[in-house]
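This briefing goes through one structure by topic. Please keep the sequence and the coordinates at hand while reading.

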There are 2 protein chains.
Amino acid sequence: MNDARTALLDTALERFVERGYESTGIQEIVDRAGVSKPTLYHHFGCKEGLLLALLAESLEPFQSRLESAANHQDDLPLALNRVTRAFFDFAGQSPQFYRLVICLASAPSGSASARAFAPYAARWHAVLKRLFAAASNPRVHSRSAQLAVTFLGVINTWISLALNDAIALDQDLAFQAVHQYMHGIYA
Amino acid sequence: MNDARTALLDTALERFVERGYESTGIQEIVDRAGVSKPTLYHHFGCKEGLLLALLAESLEPFQSRLESAANHQDDLPLALNRVTRAFFDFAGQSPQFYRLVICLASAPSGSASARAFAPYAARWHAVLKRLFAAASNPRVHSRSAQLAVTFLGVINTWISLALNDAIALDQDLAFQAVHQYMHGIYA
DNA sequence: CAATAAATTTACCGAACGGTATAAAAAGAT
DNA sequence: ATCTTTTTATACCGTTCGGTAAATTTATTG
């Protein structure tokens, strides 16, 4: 039975989003999940293992979709649209989890939170960078690293806004966001 | 002598940026600062008091500059330029401190980090919102709250990029950022 | 110089931390 | 039905946590 495992992952997500990974005690998680401490250590090895498993469970599937959205190199705006919709859909389907992602992405560099998320951040950045680097325009090509960072920043800003103010992360918003961003590049 | 006080604030900033407020122990701070534990409690009352003092010391002066930059309601792009330059100058002069700001701004809502920074975040948002709300264009006026959030998001994205990749937060970048953002509004 | 107030130290507190040795219960396989 | 493996629980480990009482040093003031 992986009943306990699922309960632990659910509870961990809830507590990590509310109070943060570092401030949440193992005891609090197991109590709320209705299991005992050694059960957690049996399934996840250590506290960090719980966080890593929580991230892998949701981020691995998303990574596949993200890379397939970015792979077909037809033209840049279309690819950026697919990427943006992938992010918006993901955040819309798992809002609580994406709240955690936003916390981890800005966590202090030496913290366990940042270390756990770092590999995924690097992969996201690589996907976007490759996309911009493949553009014909030399202004875009030569700035691919910067553009990757600022594009992800814009996306996360919109998602943050949606998570707090309940605006819709629909295709229209994705189109507008990409359109505005593309214009900014050439300005 | 406020020698100990200054040493504690400096050390706290360094450790909070590196490992985060929640993961940094009082013991570690006083050891590195070369003082003893009750000295810290004499000056700051409690651990959270240390964080609050650290924030107040740098953010109160900045708040004055930010509000004066936003006050003269000549026209929106000019005001946004002054605001952007205020942020860029601040981040350029205190890069380590602004790293802390970025961490706190995205910290879990129920954490001590987020609670400490929340009042400043609210004031920043209010300043920007008032600026957009004063615009004549109804599309800008009616979306002032959203625009305030997204504008701060763009600014922080640029600053994050500068802190990691050592690009220059100069007046040109401020002008470009505002210009691109303004175009996006009317698109 | 004496008296007072502020700053700092030594030594300690109870509680919560992450983690584990041992063993009982549950599930699957033969 | 029994044996084996996986899963869960009781009770506990040493360490570190934030915080403090009491006393000592340092600086200020009359």
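At 45% relative accessibility, A:Glu57 counts as partly exposed. In this predicted model, the side chain of A:Glu57 meets that of A:Arg5 in a salt bridge, with 3.1 Å from N to O. The pair links distant parts of the chain, since A:Glu57 sits in helix H4 of chain A and A:Arg5 in helix H1 of chain A, 52 residues apart. A:Arg5 is likewise partly exposed, at 26% relative accessibility.

**Salt bridges**

- Side chains of opposite charge can pair when their charged atoms come close.
- Over all chains, the count comes to 16 salt bridges.
- A:Arg15 forms a salt bridge with A:Glu28, and the closest N and O atoms of the two are 2.7 Å apart.
- Because A:Arg15 lies in helix H1 of chain A and A:Glu28 in helix H2 (residues 26–33) of chain A, this pair ties together parts that are 13 residues apart in sequence.
- A:Arg15 is buried, with a relative accessible area of 7%, whereas A:Glu28 is partly exposed, with a relative accessible area of 22%.
- A:Glu28 also meets A:Arg32 in a salt bridge, at 3.7 Å from N to O.
- Both A:Glu28 and A:Arg32 belong to helix H2 of chain A, where they are four residues apart, about one turn of the helix.
- An α-helix has 3.6 residues a turn, so residues three or four places apart point the same way.
- Through shared partners, salt bridges join A:Glu14, A:Arg15, A:Glu28 and A:Arg32 into one network.

**A buried threonine in H1**

- A:Thr11 is found in helix H1 (residues 3–19) of chain A.
- The relative accessible area of A:Thr11 is 9%, so A:Thr11 is buried, the limit being under 20%.
- Leaving aside residues up to four places away in sequence, A:Thr11 touches A:Ile29, A:Arg32 and A:Ala33.
- One of these contacts, A:Arg32, is also a member of the salt-bridge network described above.

**Fold of chain A**

- Chain A has ten helices and zero strands.
- Along the sequence, the pattern reads α-α-α-α-α-α-α-α-α-α.
- The C-alpha trace of chain A spans about 55 × 30 × 30 Å along its principal axes.
- Of the 187 residues in chain A, 48% are buried.
- Taking contacts in chain A between residues at least 6 apart in sequence, 66% join residues at least 24 apart.

**Helix H7**

- Helix H7 of chain A covers residues 112–133, which is 22 residues.
- From first C-alpha to last, H7 of chain A reaches 32 Å, close to the 32 Å expected at 1.5 Å a residue.
- Where does the kink in H7(A) lie? The kink is at A:Ala118, shortly before the proline A:Pro119, and amounts to about 45°.
- Buried residues of H7(A) include the aromatic side chains A:Phe117, A:Tyr120, A:Trp124 and A:Phe132.
- Also among the buried residues of H7(A) are A:Ala112, A:Ser113, A:Ala114, A:Ala116, A:Val127, A:Leu128 and A:Leu131.
- Which helices do the buried residues of H7(A) pack against? Their partners in chain A are helix H4 (47–71), helix H5 (76–93), helix H6 (95–105), helix H8 (138–142), helix H9 (144–165) and helix H10 (171–186).

**Cysteines**

- A search of the whole structure finds zero disulfides over all chains.
- A:Cys103 is in no disulfide, and the nearest cysteine sulfur, that of B:Cys103, is 11 Å away.
- That distance rules out a disulfide here, because the two sulfur atoms would have to be within 2.5 Å.
- Is A:Cys103 buried or exposed? A:Cys103 counts as buried, at 14% relative accessibility.
- A:Cys46 counts as partly exposed, at 36% relative accessibility.

**The two copies**

- Two copies of a chain are related by a rotation about an axis and a shift along it.
- Chain A can be laid on chain B with an RMSD of 0.0 Å by a turn of 180° and a shift of 0.0 Å along the axis.
- Such a turn and shift are the relation of a two-fold axis.
- The same surface serves both copies, as 100% of the contact residues of chain A recur in chain B.

Terms used:
Residues are numbered from 1 along each chain as its sequence is written. Chains are lettered from A and ligands numbered from 1 in the order in which they are written. This is a predicted model: local features need pLDDT of at least 70, side-chain atom pairs count only at pLDDT 80 or more; totals for chains, interfaces and linings use all residues. Side-chain values use heavy atoms; hydrogens and water are left out. Copies are superposed by least squares on the C-alpha atoms of residues with pLDDT of at least 70 in both. Contact means heavy atoms within 4.5 Å. Buried means under 20% relative accessible area, exposed over 50%, partly exposed in between (1.4 Å probe, protein chains only). Helices (H or I, at least four residues) and strands (E, at least two) are DSSP runs, numbered from the N terminus. The expected span of a helix is 1.5 Å times one less than its number of residues. The bend at a residue is the angle between axes fitted to the seven residues ending there and the seven starting there. A salt bridge is a side-chain nitrogen of Lys or Arg within 4 Å of a carboxyl oxygen of Asp or Glu.
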